[in-house]
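Got the sequence and the model open? Let's go through some of the labels people put on structures and ask what earns them.

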Amino acid sequence: MRIRKYIILLLSLPCLWLFFTGCKKMVEADPPKDQLTADKVFSDSSSTIAALLHIYTKFGLSSGTIEGYFAPYPSLYADELRPLNSSPDDVEYYTNGITINNSINAATWQSLYAVIYECNALINGIDNNGVLSATLKSQCIGEAKFLRAYCYFLLVNCYGDVPLVLSPDINETVNVPRTAVADVYAQIGQDLFEAENDLPEAYPAGIKVRANKWAASALLAKVYLYLEDWESAEAEATKVIGSGIYTPLEAPSAVFLANSKETILQFSENYGFTWSGNYFQPFFGSPTYALTTGLLSAFEIGDLRKQHWIDSVDNYGEMVYYPAKYKNSGFITANAGEYTMCLRVAEQYLVRAEARAHQDKISDAVSDINVIRSRAGTAPVADNVSADLCLQLCQNERRRELFTEWGNRFFDLKRTGTIDQVLSAVKPSWQSSAALYPIPQTEINYNSQLTQNPGY
Amino acid sequence: MKIKICIAALLLLCLEASAQVPPVLKGKVINAATHEPVADAAVFIETTKQGTSTDAEGLFKLTLTAPDTLVVSHINFITRRIAVYPLTTKELIVEVEENSRQQDEVVVIGYGTTTRRFNTGSVSKISKEIIAQQPVSNVLSAIQGRAPGVFVSTENGLPGGNLKVEIRGKNSLSAGNNPLYIVDGVPFASTPLNQGKTDLTYANGPVSPLNSINPADIESIEVLKDADATAIYGSRGANSVVLITTKKGKAGSTTATINLYQGNSQVAHYIPLLDLQQYLMLRREAFSNDGVTPAAWNAPDLLVWDTTKSTDWQRYILGGKASVSDVQASVSGGSQHTRFLISGNYRHETSILPGDQYYRRAGTHFTIDHTSENNRFNISLSSSYTKDKNVLPPAMYGYALLPPNYSPYKANGSLDWTYPAINPAATLMQETKSETETLLTNLIAGYRIATGLSVKISAGYTRTQLSQFIKKPAQSLNPMLGQPNSAVFGNNALTSYIAEPQLNYHKDAGKHSIEALGGASWQQSINNGSSIKGIKYSNEQLFESLSAAGDIAYAQNNFTDYRYVSAFARVNYRYANRYVVNASWRRDGSSRFGPDKQFGNFGAVGAAWIFSEERFFHERFSFINYGKLRGSFGVTGNDQIGDYQYLTTYAPAAAYSGVTTFYPVRLANPDYSWEKTNKLEAALELGMFNSRAQLTVDYYHNKSDNQLLQYPLPSQTGFTSYQYNLPATVQNTGWEFALQTVNIKQKFFKWTTDINITIPRNKLVAFPDLATSSFANSYVVGQSLYVVKGYHFTGVDTQSGIPQYEDVNKDGAISFPDDYVVIGNQVATLYGGMNNTLDYKGFSLSLFIQFVQQSGLMPASLPGFQYFVNSNTTVLDRWQQPGDVTTVPKATTTYGSDAFAAVSQLPSSSAVYGNANYLRFKTISLSYNLPATWMQRIKMQGCRLYMLAQNVFTISSSDTRIDPEMLSTSGNIPALRTIAAGLQITF
């Protein structure tokens with residue numbers, strides 16, 4: 001009897017002991033089956049590519065919508081669009097009075113930094129991994145750097161100085177203050193050089209929805225143009241045009257179709273329609289935004305772009321015009337598929353024309369402009385123009401060609417120094433300080449290192 | 001006063017020659033006061049431990065071979081010991097004195113039991129009798145108002161709907177505030193399995209898993225509140241612990257019981273809404289005030305719809321009558337060593353909504369327990385299985401407020417989608433089926449190693465599976481939105497295991513008594529789910545076949561693994577039955593925290609002084625027969641957050657160019673850890689006039705810090721928040737009173753009253769950098785967590801009829817958030833219940849009143865404002881002409897008109913904040929036990945006829961809410977009035 005007692009005691013004690021010592025192991029839960037830990041993602045080529053491709057989805061309508069922040073808002077802010085059935089947030093853009101708590105502005109900032117995080121996490125994850133092939137590594141890092149550069153390009157042009165964040169580690173990112181525009185551009189340049197160097201000329205699977213070498217060159221050309229390095233801008237644009245992949249120019253009606261010849265880079269759409277296609281078109285008979293009369297009157301008679309890229313509708317007795325570069329929407333998907341255009345070769349002609357005009361290569365500049373004009377069905381301009389007039393022709397052509405695409409008009413007005421003159425003529429409430437958007441107040445709240453732009 | 005023990009005459013007679021072998025001792029146990037038989041009393045021979053329990057007639061039979069002592073015990077009576085001799089042939093009558101001294105009642109606590117007398121913690125008990133009086137499907141409805149400190153509110157009155165339970169207030173800013181539910185020692189997950197899944201909560205919201213516990217299977221519910229009672233549950237005790245103990249078999253002759261009731265449910269209160277003429281008048285007035293001529297697009301109710309036909313939408317949607325049927329059957333019995341209980345139940349409810357919806361539940365419950373001959377080894381197994389099915393349309397409440405002349409059909413009979421773009425007739429074509437299967441099993445085995453020392457292992461397995469099917473036929477969808485028909489298939493299951501070895505030690509030495517407990521716990525919960533949405537069905541007959549879907553919109557699954565491991569100990573020391581000290585400790589590890597942060601230590605110390613046992617007290621205050629002071633302090637924790645927040649992971653997302661992509665799910669934080677609640681409590685318990693009046697007064701003071709929340713981040717980090725411990729402090733204090741009195745106690749008549757009152761206070765004590773955090777508009781330091789902010793409404797301008805608000809920042813405009821001020825706290829400031837029970841012979845009448853003093857938001861009075869919403873009649877008091885003094889603004893409906901902007905701010909102003917007190921006749925139960933003599937003739941043990949009424953009527957300070965229990969302005973299906981009649985037969 002007594003012996004049994006001790007046996008039981010002796011048996012129960014190790015059980016208890018096991019509980020106390022084995023605790024640590026016992027609370028280690030199995031990883032989730034519907035998710036992969038980061039180290040596993042970057043130890044396999046297909047999951048690394050899956051993580052890379054997700055970054056692209058953030059720009060189009062499929063799972064993000066950065067285009068949704070850049071198609072209408074800079075256009076409302078400049079002189080391209082006016083609001084019809086709009087929220088107070090939209091009206092703040094139109095009147096150049098964005099308040100510090102504007103939700104669109106907060107979302108713009110947030111979605112760009114979310115992409116930057118994914119790029120940083122990808123670059124960091126691949127760098128720390130020895131399993132992937134060198135080719136795959138340099139390709140993925142190149143694409144991530146291209147995308148990161150594009151986000152910073154959009155950020156500096158909207159906000160001026162912005163925090164330059166190059167790591168996914170919260171301890172290194174949470175307190176970063178605003179970095180001077182020049183330093184951000186230096187990083188953009190460095191990323192694009194590396195991308196141009198590392199990326200192949202061919203598109204993966206032959207579809208132009210991932211950045212190749214020419215996409216990096218095209219964005220670099222645009223960056224040089226903004227930095228007023230005319231020679232380099234011309235050189236980069238020439239590389240793209242000279243590749244021969246994108247020329248001759250397509251008819252206006254085919255430009256925005258999926259994988260069109262014009263495309264240098266598009267964001268793939270799962271349902272064949274884009275943000276612009278879905279939201280610029282009238283909903284229940286009435287569009288949300290209308291094109292301004294200023295933009296409409298900028299088109300010459302017979303311009304095929306006005307015919308193909310602009311549509312109109314009777315809105316409670318008033319004929320209104322809206323952007324119709326994209327035809328498909330959630331309701332209309334019968335047409336050929338459309339992807340969100342990021343970079344296209346027509347813009348490269350205009351970059352090169354402007355860069356050449358600044359270098360007094362007037363006839364070369366005019367011939368580039370005439371490439372665009374001839375596709376638009378408008379008469380060529382003569383090459384006996386002054387440099388100033390040639391630059392004006394460039395801007396006029398840009399306005400007609402690139403309206404409601406990625407904030408081009410707003411950025412062009414700023415970099416050419418004409419914004420005060422142009423916008424104060426059409427918007428009585430315009431102030432010079434409005435050239436920069438306000439830093440969203442929540443960002444300043446959560447990072448006390450950030451400062452607000454003047455005028456807000 | 002000394003406890004008066006009446007020693008009844010004891011008939012011990014006599015020896016008569018008998019041929020009965022073995023000799024049988026027959027007897028009857030009766031109530032000494034009323035001479036009524038006492039059923040379910042345990043009767044056993046002290047030496048042999050052989051025993052039985054009495055039947056409904058109080059009768060028992062035992063084999064007796066040698067002279068011995070007979071022990072008769074019952075929870076409600078004082079234990080009797082009687083010398084007995086074999087060969088007694090005459091029936092032995094044992095009179096037992098009723099033990100109204102509630103302080104000696106057994107209470108279940110964490111990992112054990114104690115008595116009220118020696119308990120150092122705060123425990124409220126709800127008995128099976130109280131549950132049986134209420135014809136409800138969810139046991140949480142039955143505890144509403146019954147226990148101090150426990151606040152239950154209905155979120156959705158439809159069968160299967162969720163209930164919110166908050167015990168002693170809200171401790172956590174953003175982690176869960178659910179109490180820990182333990183069923184027979186096994187934790188039961190109370191979080192709805194479909195929570196947070198948009199498509200799956202579409203119809204009935206989250207489905208409460210507690211609905212799978214059959215209320216009739218419950219023996220008692222104990223709510224553990226203070227540190228002393230909850231610290232043994234360590235990290236999960238912060239929000240209190242609800243112990244549910246199921247019924248067990250009783251020794252004695254085999255007994256079968258059938259209990260059935262049938263009844264009807266309906267909405268008890270309708271909001272007074274405008275009739276057609278009033279509605280049209282206000283709409284026309286709004287247009288005329290705005291100086292706008294109504295047009296078809298902004299006034300279809302005036303120009304398009306028939307202005308002569310009227311529908312009472314409230315009664316059309318909510319006015320149905322639902323039926324309730326409930327059957328319970330059980331068989332129990334066994335010997336002193338082996339007992340069993342087998343029961344089955346079936347419940348069927350229909351819904352008040354138009355259409356054929358129903359809720360069905362069937363289940364079984366089974367327990368067996370066995371003790372070895374030498375009483376050293378015992379083993380028990382209990383298991384219950386429940387399956388329910390709930391068929392409902394999507395949320396319909398909103399349609400109850402449609403304008404009276406709205407019609408879902410056009411003149412040609414087709415569905416009208418023009419104004420508004422929703423349609424009740426179409427919505428009713430959509431349907432959700434939810435089926436829940438729940439299996440609960442628990443095995444306990446124990447062995448007494450030596451006197452006072454025993455080991456025990458408890459092991460449990462729980463599985464809850466929720467399968468849902470939601471169909472949306474093409475006809476039910478607005479064709480202008482171009483949505484395809486769809487069917488969603490959801491499947492979520494939670495499987496949990498638990499094993500808890502324990503070692504118990506008990507020793508009495510003179511005036512010293514010590515009890516010690518040591519144990520460990522290992523738990524694992526796996527949540528596995530999937531949902532698939534099929535769209536573009538060409539044939540809607542085949543909705544339930546995924547292969548008939550033209551396309552799969554999404555197919556996704558989820559998996560989480562939660563592990564939990566603990567060691568715990570408790571030591572209880574008692575001296576001279578007067579002084580008690582109780583200390584408990586628990587070390588918990590949870591997989592919800594990152595490596596190195598998983599473990600936390602929790603513990604509490606409680607003490608009690610039973611001062612009524614002191615001689616000096618006795619002599620001076622003899623009317624107080626029981627008095628105890630107790631107090632406790634300690635720390636408990638909370639880990640009710642999502643799993644894996646410390647892990648950087650990627651999950652599949654939408655495809656890019658045909659390739660599935662992976663996105664980073666979160667910004668991981670490996671450093672967060674337990675949220676902690678420090679609890680302090682002091683209480684006084686008194687029993688007066690021989691325990692005819694019993695009073696318990698509790699004061700608690702709890703502080704929760706290290707708050708687990710999604711901490712906002714600058715988005716330059718890539719995310720807008722991450723899991724974090726914020727050093728914010730939330731304080732919950734309160735007074736709880738419970739008074740039980742036996743007002744009249746005569747031979748045939750007894751009247752008892754139970755009252756409980758809680759006065760809670762909740763306060764946000766500290767919140768670092770609140771003003772710049774994302775919580776700036778949600779919380780205010782110094783106010784409760786239920787704070788409501790809005791514009792300060794200063795009245796309606798008597799000249800213009802435009803509502804006026806305080807311009808806090810003096811910028812000349814009223815705008816969010818700068819002009820927001822605290823307008824109140826949407827929370828109960830006093831609540832409780834009062835139950836009166838009257839017993840006369842076989843009749844028993846019980847009346848329970850629940851009351852709540854609270855304030856909150858109510859629907860705004862917006863005269864003529866919208867064409868798709870009817871208003872309550874308060875809008876008739878609107879401003880009409882200069883000089884009118886009223887709080888209701890003038891009618892307006894047009895954007896841009898002088899009053900429009902100010903009127904549209906009314907719902908977010910103090911104008912909609914007010915008193916929401918109510919007093920509800922919650923339960924009325926009348927039952928009649930047929931006399932025993934009748935029953936004997938038909939060889940039955942008992943027969944009870946009863947009527948039950950739930951939510952009978954409510955007196956409320958405002959009738960513009962459908963149910964004052966629901967403080968949100970939007971409203972939902974309220975808790976229904978149910979009236980049922982039933983019959984219980986025992987063989």
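**Helices, strands and a shared border**

Q: Which residues of α12(A) and α13(A) meet each other?
A: From α12(A) come A:W214, A:S217, A:A218, A:L220, A:A221, A:Y224 and A:L225, and they touch A:W230, A:S232, A:A233, A:E236, A:A237, A:K239 and A:V240 of α13(A). Sorted by class, that contact holds 10 nonpolar, 2 polar and 2 charged residues. Keep in mind that this is a predicted model.

Q: Why are α12(A) and α13(A) called roughly antiparallel?
A: Helix α12 (residues 213–226) of chain A packs against α13(A) at an angle of about 155°, and their axes are 8 Å apart. Angles over 145 degrees count as roughly antiparallel, so α12(A) and α13(A) get that label. Their crossing is left-handed.

Q: What makes α17(A) and α18(A) a roughly antiparallel pair?
A: Look at the angle again: helix α17 (residues 345–358) and helix α18 (residues 362–376), both in chain A, pack at about 155° with axes 7 Å apart. The cut-off is over 145 degrees, so α17(A) is roughly antiparallel to α18(A).

Q: Which residues make the contact between α17(A) and α18(A), and what classes do they fall into?
A: On the α17(A) side you'll find A:A346, A:Y349, A:L350, A:R352, A:A353, A:R356 and A:A357, while α18(A) brings A:I362, A:D364, A:A365, A:D368, A:I369, A:V371, A:I372 and A:R375. Among them are 10 nonpolar and 5 charged residues, with no polar ones. The crossing here is left-handed.

Q: Why does α19(A) count as roughly antiparallel to α20(A)?
A: Helix α19 (residues 387–402) and helix α20 (residues 408–415) of chain A pack at about 165°, with their axes 10 Å apart. Since anything over 145 degrees qualifies, α19(A) is roughly antiparallel to α20(A). α19(A) passes α20(A) in a left-handed crossing.

Q: What classes of residue sit in the contact of α19(A) with α20(A)?
A: A:Q395, A:R398, A:R399 and A:L402 in α19(A) meet A:N408, A:R409, A:D412 and A:R415 in α20(A). That gives 1 nonpolar, 2 polar and 5 charged residues. In the loop between these two helices you'll spot A:W406, which has a positive phi of about 50° although it isn't a glycine.

Q: What makes the peptide bond from A:T247 to A:P248 worth a label, and where is A:P248?
A: The bond is cis, with omega near -5°. A:P248 lies in the loop between α13 (230–242) and β5 (263–267) of chain A.

Q: Which strands of the β10-β15-β16-β13-β14 sheet in chain B are edges, and why?
A: This is an open sheet of 5 strands with mixed pairing. β10 (123–127) and β14 (186–188) of chain B each have a single partner strand, so one side of each has no neighbour in the sheet. The twist averages 25° from one strand to the next. As for β10(B), strand β15 (residues 218–224) of chain B pairs with it in the antiparallel sense over 5 bridges, and B:K125 has B:E222 as its bridge partner.

Q: How do you know that β8(B) and β9(B) pair?
A: Pairing takes at least two bridges, and strand β8 (residues 106–109) and strand β9 (residues 112–115) of chain B share 4, in the antiparallel sense. One of the bridges joins B:V107 to B:T114. The two strands form a hairpin with 2 residues between them, and B:Y111 in the turn has a positive phi of about 55°.

Q: Which strands make up the sheet that includes β1(A)?
A: The order is β1(A)-β30(B)-β31(B), an open sheet of 3 strands with antiparallel pairing. β1 (36–37) of chain A and β31 (659–664) of chain B are the edge strands, as each pairs on one side only. Strand β30 (residues 649–656) of chain B shares 6 bridges with β31(B), and B:Y650 stands opposite B:P664.

Q: How much area do chain B and chain A bury between them?
A: About 5400 Å², with 67% of it on carbon and sulfur atoms. B:Y650, B:Y656 and B:Q716 supply 17% of the area that chain B buries against chain A, more than any other three residues. Counting contacts, 60 residues of chain B touch 62 residues of chain A.

Definitions and conventions. Residues are numbered from 1 along each chain as its sequence is written. Chains are lettered from A and ligands numbered from 1 in the order in which they are written. This is a predicted model: local features need pLDDT of at least 70, side-chain atom pairs count only at pLDDT 80 or more; totals for chains, interfaces and linings use all residues. Side-chain values use heavy atoms; hydrogens and water are left out. Axes are lines fitted to C-alpha atoms, for helices over the stretch in contact, and angles run from 0 to 180 degrees between N-to-C directions. Angles under 35 degrees count as roughly parallel, over 145 as roughly antiparallel, 65 to 115 as roughly perpendicular and the rest as oblique. A crossing is left-handed if the near helix is turned anticlockwise from the far one by less than a right angle, and right-handed if clockwise. Contact means heavy atoms within 4.5 Å. Ala, Val, Leu, Ile, Met, Phe, Trp, Tyr, Cys and Pro count as nonpolar, Asp, Glu, Lys and Arg as charged, and the others, Gly among them, as polar. Buried area is the accessible area (1.4 Å probe) that two parts lose on being put together, summed over both.
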